[in-house]
Amino acid sequence: MVQATETQAGYDPAKYSDEGSVGAVRKILRRKPVIAFIMTVPLILIIVGLVAYLSMLNKKMTAFVGIDNFTFLLKRSTFQMIIFQTCFFAVVAVIFKAFFGFILAHLMHNVPGKKQRVYRGLLLLPWVIPPAMSTLTWWWLFDPSYSAFNWALNVIGGPTIPWLGETWWARFSVILVNIWVGTPFFMIMYLAALKSVPEQLYEAASIDGASSWQKLIHITMPMMRNIISITGLFSLILTFANFDIVRILTNGGPQDTTHLFSTYAFQVGIQSGDIPLGAAVSLFMLPILAIFAYFILSDVTKRTKEEL
């Protein structure tokens with residue numbers, strides 16, 4: 001009798017139950033971590049289903065060998081050196097790109113509007129030009145027989161430097177080219193961040209007698225910290241996966257001392273025909289980048305919560 005009365009009054013339990021479920025799903029989907037996870041699911045499936053599976057097969061891809069490829073790599077002194085070289089290359093290059101990008105962004109910020117557009121366009125050229133093309137130019141500058149740098153050094157009485165023939169000079173060369181290519185990206189990101197800093201803060205600091213250095217430390221840097229962190233993480237990922245510069249300049253030499261994960265994976269997997277071992281090499285980037293990403297994003301999230 002009660003149920004009939006509720007039905008007559010327009011109350012439908014199934015309807016309200018469905019609406020409640022839809023509302024709960026919508027509430028969950030509004031959460032940023034859930035959206036981020038859903039967007040990364042295709043990438044995770046590709047990595048797990050293709051690369052991870054391949055890395056656990058033998059060379060002929062006829063048998064499942066588990067983690068034997070990974071243990072084999074870790075026991076090799078060459079691969080241990082490549083882990084060091086990749087981390088050294090990425091960290092040093094990102095630090096200097098951030099440093100020079102920060103300086104250029106401040107210089108551009110103080111240039112008048114029309115001139116700023118011209119200079120900004122010119123400074124963006126290294127980043128806009130395809131890396132393979134610009135790296136070929138650098139290769140000519142470093143070439144042992146026709147090096148323009150060595151010619152200039154010899155003119156002033158300097159020594160001939162084996163830019164691509166000795167380990168540390170070769171490492172210096174590939175890092176230098178990567179810095180040249182990537183610095184404009186940092187400049188444009190930092191310049192956008194500088195444009196968003198309210199001028200009233202600088203005016204108030206000037207009234208209080210703050211110096212330029214104090215304004216930089218107490219106003220500019222705190223306002224730019226999140227942009228600096230995110231830009232650094234993005235560049236770190238790209239630098240870890242860099243292929244063109246090392247492949248063209250040194251091809252991993254001398255004696256594999258400039259190989260990165262990407263170039264070594266290509267050499268092992270494509271040139272040597274051991275695709276599972278090459279897949280295992282490429283997967284070594286994931287845990288290292290995950291550690292960097294965790295600490296950087298945790299710091300960004302913490303600062304964001306403090307600001308709120």
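A helix, in this talk, is a DSSP run of type H or I with at least four residues, numbered from the N terminus. With that in hand, hello everyone, and let me walk you through this chain. Please keep in mind that we are looking at a predicted model.

Let's start with one residue, Phe-142, which sits in helix H8. Is Phe-142 buried or exposed? Its relative accessible area is 1%, and since buried means under 20%, Phe-142 counts as buried. What does Phe-142 touch, if we leave out residues up to four places away in sequence? The list is Ser-147, Phe-149, Trp-163, Leu-164, Ser-173, Leu-176, Val-177 and Leu-249. Take Leu-164 from that list: 22 residues separate Leu-164 from Phe-142 along the chain, yet their C-alpha atoms are 6.9 Å apart.

Now let's step back to the helix itself. H8 runs over residues 131–142, which makes 12 residues. At 1.5 Å a residue we should expect a span of 16 Å, and the C-alpha atoms at its two ends are indeed 16 Å apart, so the expectation and the model agree. Phe-142 has buried company in H8, namely Ser-134, Thr-135, Trp-138 and Leu-141. Why do I say these buried residues share a side of H8? Because the arc they cover around the axis is only 105 degrees. And what do they pack against? The partners of the buried H8 residues are helix H9 (148–155), helix H10 (167–195) and H13.

Staying with Phe-142 for one more moment, let's talk about rings. Phe-142 belongs to an aromatic cluster together with Trp-138, Phe-149, Trp-163, Trp-169, Phe-172 and Trp-180. If you were looking at Trp-138 and Phe-142 in H8 just now, you have already met two of the buried residues in that helix.

How many aromatic pairs are there in total? The count is 25. One of them joins Phe-99 and Phe-100, with ring centres 5.3 Å apart and planes at 65 degrees, so this pair falls on the edge-to-face side of the cut-off, which is over 60 degrees. In general, a pair of aromatic rings is described by how far apart the centres are and by the angle of the planes. As for accessibility, Phe-99 is partly exposed at 47%, and Phe-100 is partly exposed as well, at 35%.

There is also a charge to show you over a ring. Arg-171 lies over the face of Trp-168, 4.6 Å from the ring centre.

Arg-171 leads us to our next stop, Thr-257, because Arg-171 is among the residues that Thr-257 touches, within the 4.5 Å contact cut-off. The others are Met-81, Gln-85, Thr-167 and Gly-252, again leaving out residues up to four places away in sequence. Where is Thr-257? You will find Thr-257 in the loop between helix H13 (244–249) and helix H14 (261–271). Although Thr-257 is in a loop, this residue is buried, at 8% relative accessible area.

That loop has some backbone features worth pausing on. As background, most residues other than glycine have a negative phi, and most peptide bonds are trans. Here, the bond joining Gly-253 and Pro-254 is cis, with omega about -5 degrees, and Pro-254 is in the loop between H13 and H14. Asn-251 is found in that loop too. Asn-251 is not a glycine, but its phi is positive, about 55 degrees, and its relative accessibility of 39% makes Asn-251 partly exposed.

Elsewhere, Met-61 also has a positive phi of about 55 degrees without being a glycine. Met-61 lies in the loop between helix H3 (32–54) and helix H4 (68–75), and is partly exposed at 39% relative accessibility.

In H4 we find Phe-72, which is partly exposed at 42%. Here is a long reach along the chain: Phe-72 and Leu-277 are 205 residues apart in sequence, while their C-alpha atoms are separated by 9.1 Å.

Let me finish with the whole chain. The chain has 16 helices and zero strands. Of its 308 residues, 34% count as buried. Among contacts between residues at least 6 apart in sequence, 70% join residues at least 24 apart. The accessible surface comes to about 18,800 Å², and carbon and sulfur atoms hold 69% of that. Thanks for listening!

Definitions and conventions. Residues are numbered from 1 along each chain as its sequence is written. This is a predicted model: local features need pLDDT of at least 70, side-chain atom pairs count only at pLDDT 80 or more; totals for chains, interfaces and linings use all residues. Side-chain values use heavy atoms; hydrogens and water are left out. Rings of Phe, Tyr and Trp (its six-membered ring) pair if their centres lie within 6.5 Å; planes under 30 degrees apart count as stacked, over 60 as edge-to-face and the rest as tilted. Buried means under 20% relative accessible area, exposed over 50%, partly exposed in between (1.4 Å probe, protein chains only). A charge sits over a ring if NZ of Lys or CZ of Arg is within 6 Å of the ring centre and within 35 degrees of the ring normal. The expected span of a helix is 1.5 Å times one less than its number of residues. The arc is that of the directions from the helix axis to the C-beta atoms. Accessible areas come from the Shrake-Rupley method with a 1.4 Å probe; for residues, only the protein chains shown count as cover.
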